[in-house]
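Trainee: I would like a close look at one part of this model, the sheet and what surrounds it. Please take me through it in one go.

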Amino acid sequence: MIYFDNASTTELSQPVLEAVYEALKNSYYNPSSLHGGGFRVERQMNQARTQIAKALRVQPDEIYFTSGGTEANNTAILGVRSRSRLGKHLITTVFEHPSVTDSFHHMEQEGWEVTYLPVDERGYISIDDLKSAVRKDTVLVSIMCVNNEVGSIQDISAIGKVVKEINPDCLFHTDCVQAFGKHKIPSSVVDMISISGHKIHAPKGIGALYIKKGVRLDPLHFGGGQERGFRPGTENTASIIGFGLAAELAAKEMKEAEERVREVRSTLYKGLSALEGVHVNGDLEKGSPYILNLSFDNVKGEVLLHALESSGIYTATGSACSSKLKKKRKIVDLLVEGRGENNVRFSFSTFNTKDEAERAAEEIIKAVTMLRRFQPG
């Protein structure tokens with residue numbers, strides 16, 4: 001089996017798997033308990049908080065654990081209701097994850113005004129568009145760092161500086177679920193950062209939200225004092241411990257991992273050079289090497305996905321979070337109209353190899369050639 005769907009989720013690394021198993025077996029105590037077992041687990045949880053904070057280059061008490069990236073995004077956006085006295089204008093892009101887009105739609109239903117910035121054919125916003133959009137009554141700008149479908153990397157540093165220069169009171173949030181552990185994140189210009197464990201070889205169901213010290217948000221949950229009263233509920237300690245270790249390992253290996261993944265992506269793309277009618281969605285040169293989104297003329301993406309699956313190659317056509325929605329947004333169509341039905345996303349991890357890429361290219365060529373016989377045009 002060749003697994004090229006790592007933007008959806010990743011395999012647990014062996015060290016993380018062992019750490020999680022050990023925690024489930026021997027560190028099952030409630031960290032809020034006042035006995036020795038509770039104190040021990042609390043220390044392990046705080047160690048993980050420190051590991052994640054170090055990877056982001058922020059302070060441990062600015063990290064709040066969540067159930068994943070979706071909750072972190074929801075919290076960052078819906079939490080700004082407390083700032084309505086400063087204005088009710090919000091800014092995002094047309095190019096966000098559903099957990100962001102749906103949160104803004106909900107805010108619109110509550111009477112907030114939202115500006116949706118467009119993107120160019122490679123998936124980038126215009127800084128001039130951003131400058132024109134930020135107003136004195138803008139209370140939040142939320143722009144994804146690495147797009148989860150095509151891999152475009154926004155200039156977060158430039159965006160953060162523009163936002164603060166025009167309106168110092170405006171908060172800037174970035175969804176870094178696909179960036180954390182893979183690319184350097186300029187945390188100094190950001191007020192809130194969403195991250196997730198299962199994109200970097202940690203368990204599913206664990207994420208975190210970085211909230212810069214001094215930023216006040218409305219909580220979404222009530223009923224306990226966990227996470228300093230902001231996110232109550234008994235903590236998922238085994239997954240938190242695994243997340244902390246995964247973050248530490250990813251930070252240490254970031255440069256080497258990126259080089260390995262870049263070679264895998266390059267090998268796959270070059271292997272398809274003999275195939276006509278293949279289009280890159282996004283930015284092959286400056287985009288994230290962890291994602292390669294391609295459209296194949298006269299071949300439906302979902303049909304090709306299943307054809308490749310029969311050959312033992314797992315891919316995707318877009319975000320796993322919206323894959324079962326009847327009216328799924330076609331992100332790729334925002335770049336070039338008409339390509340959304342024909343796209344397949346290949347996403348990689350450090351577990352992938354050059355040999356896998358070579359074998360996958362051969363199978364893709366076979367599958368596309370076969371399918372085009374049945375879908376001429």
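Mentor: What follows goes from the sheet to the helices and then to two loop residues. Bear in mind throughout that this is a predicted model.

Start with the strand order. The sheet is open and has seven strands, arranged as β2-β8-β7-β6-β5-β3-β4, with mixed pairing. Its edges are β2, residues 63-66, and β4, residues 113-117, each of which pairs on one side only. From one strand to the next the twist averages 20 degrees. As general background, strands of a sheet pair through backbone hydrogen bonds, either parallel or antiparallel.

One pairing can be followed residue by residue. Strand β3, residues 89-93, and strand β5, residues 138-142, run parallel and are joined by three bridges. In this pairing, histidine 89 stands opposite threonine 138 of β5.

Strand β5 also takes part in a helix packing. Helix α6, residues 156-166, lies across β5 and β6, the latter spanning residues 171-175. The direction of α6 makes an angle of about 160 degrees with β6.

Next, a helix pair. Helix α3 covers residues 69-78 and helix α4 covers residues 98-109; the two pack with their axes 9 Å apart, at an angle of about 30 degrees. Angles under 35 degrees count as roughly parallel, and α3 and α4 are therefore roughly parallel to each other. The crossing of α3 past α4 is right-handed. On the α3 side the contact is made by Thr70, Asn73, Asn74, Ile77 and Leu78, and on the α4 side by Ser99, Val100, Ser103, Phe104, His106 and Met107. Sorted by class, this contact of α3 with α4 contains five nonpolar residues, six polar residues and no charged residues.

Two loop residues remain, and both concern the backbone. Most residues other than glycine have a negative phi. Histidine 201 is not a glycine, yet its phi is positive, at about 70 degrees. Histidine 201 sits in the loop between β7, residues 192-196, and β8, residues 207-211. The relative accessibility of histidine 201 is 12%, so this residue counts as buried, the cut-off being under 20%.

Arginine 228 is the other case, a residue other than glycine with a positive phi near 55 degrees. The loop that holds arginine 228 runs between β8 and α7, the helix of residues 237-252. At 43% relative accessibility, arginine 228 counts as partly exposed, because that class lies between the 20% limit for buried and the 50% limit for exposed.

Notes: Residues are numbered from 1 along each chain as its sequence is written. This is a predicted model: local features need pLDDT of at least 70, side-chain atom pairs count only at pLDDT 80 or more; totals for chains, interfaces and linings use all residues. Side-chain values use heavy atoms; hydrogens and water are left out. Two strands pair if DSSP finds at least two bridges between them. Helices (H or I, at least four residues) and strands (E, at least two) are DSSP runs, numbered from the N terminus. Axes are lines fitted to C-alpha atoms, for helices over the stretch in contact, and angles run from 0 to 180 degrees between N-to-C directions. Contact means heavy atoms within 4.5 Å. Angles under 35 degrees count as roughly parallel, over 145 as roughly antiparallel, 65 to 115 as roughly perpendicular and the rest as oblique. A crossing is left-handed if the near helix is turned anticlockwise from the far one by less than a right angle, and right-handed if clockwise. Ala, Val, Leu, Ile, Met, Phe, Trp, Tyr, Cys and Pro count as nonpolar, Asp, Glu, Lys and Arg as charged, and the others, Gly among them, as polar. Buried means under 20% relative accessible area, exposed over 50%, partly exposed in between (1.4 Å probe, protein chains only).
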